[in-house]
Amino acid sequence: MFPIAFHSLYRHPLPEGHRFPMLKYELLPQQLLHEGTALKNDFFEPEMCDLDIVLAVHNKEYVADLLNLTLEARAARRIGFPLSKELVEREFRITQGTILGCQKSFESRISFNIAGGTHHAYSTHGEAFCLLNDQAIAAQYLLNKKLAKKVLIIDLDVHQGNGTAEIFQNNTKVFTFSTHGKTNYPFRKEKSDLDIALPDGTTDEEFLKPITEIVPKLIEQQKPDFIFYLAGVDILKSDKLGKLSCTIEGCKKRDEIVFELCNKFQIPVQVSMGGGYSPEIKTIIEAHANTYRIAKNIF
């Protein structure tokens with residue numbers, strides 16, 4: 001049906017009580033298979049991303065510190081995960097999953113990564129559970145390989161894609177669009193090519209209105225030949241780290257709008273999952289699974 005990147009290392013063990021819901025990376029593939037939304041042969045296991053591809057976006061010293069586990073304590077704390085060889089390997093595999101997904105999207109029209117959407121990773125450092133910026137690395141890869149001339153990144157996570165904005169701040173071949181909570185992390189925002197900052201308590205209608213109006217115009221104006229979509233489900237009212245008030249139905253409608261536009265304009269799209277921090281893991285899984293269900297209906 002469509003390619004989905006997943007590796008067993010996505011299910012990385014964390015200290016008991018850690019606030020990041022790592023369990024979702026184990027449960028989401030199981031749910032998709034159980035209900036028949038995805039089949040076993042839809043999934044592919046990414047290898048480690050080549051170092052040169054990563055270094056086209058990220059600072060050499062920073063990446064060396066990750067690989068050698070020599071990141072200073074303060075920089076490691078900003079990331080929020082205990083640094084380990086397995087964690088770094090996980091990030092390199094997630095990144096490769098997004099890159100391979102892009103390549104597959106040219107035939108399948110859409111691809112997914114069960115993880116990814118690590119948009120808080122800057123060129124020189126990581127933060128907020130993000131070590132490497134998978135979609136930024138993949139976008140630069142497409143440009144370098146001349147597989148795309150213009151890329152549009154649609155980031156609809158509750159948090160601004162600050163790392164992505166910084167990475168492409170002087171790159172006219174990538175247009176960065178972020179809709180996010182105004183008072184949510186990061187508290188010091190970067191400047192995307194287009195930012196829409198929404199007030200606390202924003203509802204479905206208020207959230208969907210700018211997306212419905214702006215995204216079609218962006219596609220027509222920018223004429224991208226590839227789209228990256230960050231489909232974070234932390235826009236839900238129940239989310240512990242978000243301040244918006246969207247419903248499960250609103251989240252579904254958001255995905256539907258983006259996918260229908262990609263389908264209408266015949267632009268290949270790669271989808272990374274991004275954040276989701278509702279107290280109930282079943283809420284997170286349902287919201288993420290809906291993204292795949294909507295795609296199955298459209299593509």
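Student: Why does Phe187 count as exposed?

Tutor: Its relative accessibility is 68%, and the cut-off for exposed is over 50%, so Phe187 counts as exposed. Keep in mind that this is a predicted model.

Student: What makes the pair of Tyr185 and Phe187 edge-to-face?

Tutor: Two values settle that one. The ring centres are 6.0 Å apart, and a pair needs centres within 6.5 Å. The planes stand at 85 degrees, and edge-to-face requires over 60, so the label fits.

Student: Is Tyr185 buried, exposed or partly exposed?

Tutor: Tyr185 has a relative accessible area of 25%. Buried would need under 20% and exposed over 50%, so Tyr185 falls in between as partly exposed. Tyr185 is also joined to Pro186 by a cis peptide bond, with omega at about -5 degrees. Pro186 sits in the loop between strand S5 (174-181) and S6.

Student: Why is the pair of Phe112 and Tyr292 called stacked?

Tutor: Here the planes are 25 degrees apart and the centres 4.2 Å apart. Since stacked means planes under 30 degrees apart, with centres within 6.5 Å for any pair, Phe112 and Tyr292 qualify as stacked. This pair links distant parts of the chain: Phe112 belongs to strand S3 (residues 110-113) and Tyr292 to helix H10, 180 residues apart. Both Phe112 and Tyr292 are buried.

Student: Which aromatic residues share a cluster with Phe112 and Tyr292?

Tutor: Phe2, Tyr229, Phe259 and Phe299 join Phe112 and Tyr292 in one aromatic cluster. Across the structure there are 16 aromatic pairs.

Student: Which residues touch the most other members of the largest nonpolar core?

Tutor: Phe112, Ile114 and Phe259 do, in a core of 94 residues. Helix H10 (residues 281-298) supplies the largest share of that core, eight residues. Leaving out neighbours within four places in sequence, the contacts of Phe112 include Phe2, Ile4, Phe259, Val271, Met273, Tyr292 and Ala295.

Student: What makes Lys104 a charge over the ring of Phe44?

Tutor: The charged end of Lys104 is 4.9 Å from the centre of the Phe44 ring. The distance limit is 6 Å, and the charge must also lie within 35 degrees of the ring normal. The charged end of Lys104 is assigned as sitting over that ring.

Student: How do you know that Cys49 is not bonded to Cys102?

Tutor: The closest cysteine sulfur to that of Cys49 is the one in Cys102, 11 Å away. A disulfide needs sulfur atoms within 2.5 Å, so 11 Å is too far for a bond. Cys130 is in no disulfide either: the nearest cysteine sulfur, in Cys49, is 16 Å away. The structure as a whole holds zero disulfides.

Student: Why are Cys49 and Cys130 called buried?

Tutor: Cys49 has a relative accessibility of 4%, and Cys130 has a relative accessible area of 4%. Buried means under 20%, so the label applies to Cys49 and to Cys130.

Student: What makes His12 buried?

Tutor: Its relative accessible area is 7%, and the limit is under 20%, so His12 is buried. His12 lies in the loop between strand S1 (4-5) and helix H1 (24-35). Beyond residues up to four places away in sequence, His12 touches Met22, Ser84, Glu86, Leu87 and Arg90.

Student: How do you know that S3 and strand S8 are paired?

Tutor: They share four bridges in the parallel sense, and pairing needs at least two. One of these partnerships joins Ile110 to Val269 in S8. The open sheet has eight strands in the order S2-S1-S3-S8-S7-S4-S5-S6, with parallel pairing.

Student: Why are S2 and S6 called edge strands?

Tutor: Strand S2 (43-44) and strand S6 (194-198) each pair on one side only.

Student: What is notable about the phi of Arg109?

Tutor: Phi is positive, about 75 degrees, although Arg109 is not a glycine. Arg109 is in the loop between helix H5 (85-108) and S3. Its relative accessibility of 30% lies between the 20% and 50% limits, so Arg109 counts as partly exposed.

Conventions
Residues numbered from 1 in each chain as written. Predicted model: local features only at pLDDT ≥ 70, side-chain atom pairs only at ≥ 80, totals over all residues. Heavy atoms only, no water. Core = buried A, V, L, I, M, F, W, Y, C linked by side-chain atoms within 4.5 Å. Buried < 20%, exposed > 50% of the residue type's maximum accessible area, 1.4 Å probe, protein only. Helix = DSSP H or I, 4+ residues; strand = E, 2+ residues; numbered from the N terminus. Contact = heavy atoms within 4.5 Å.
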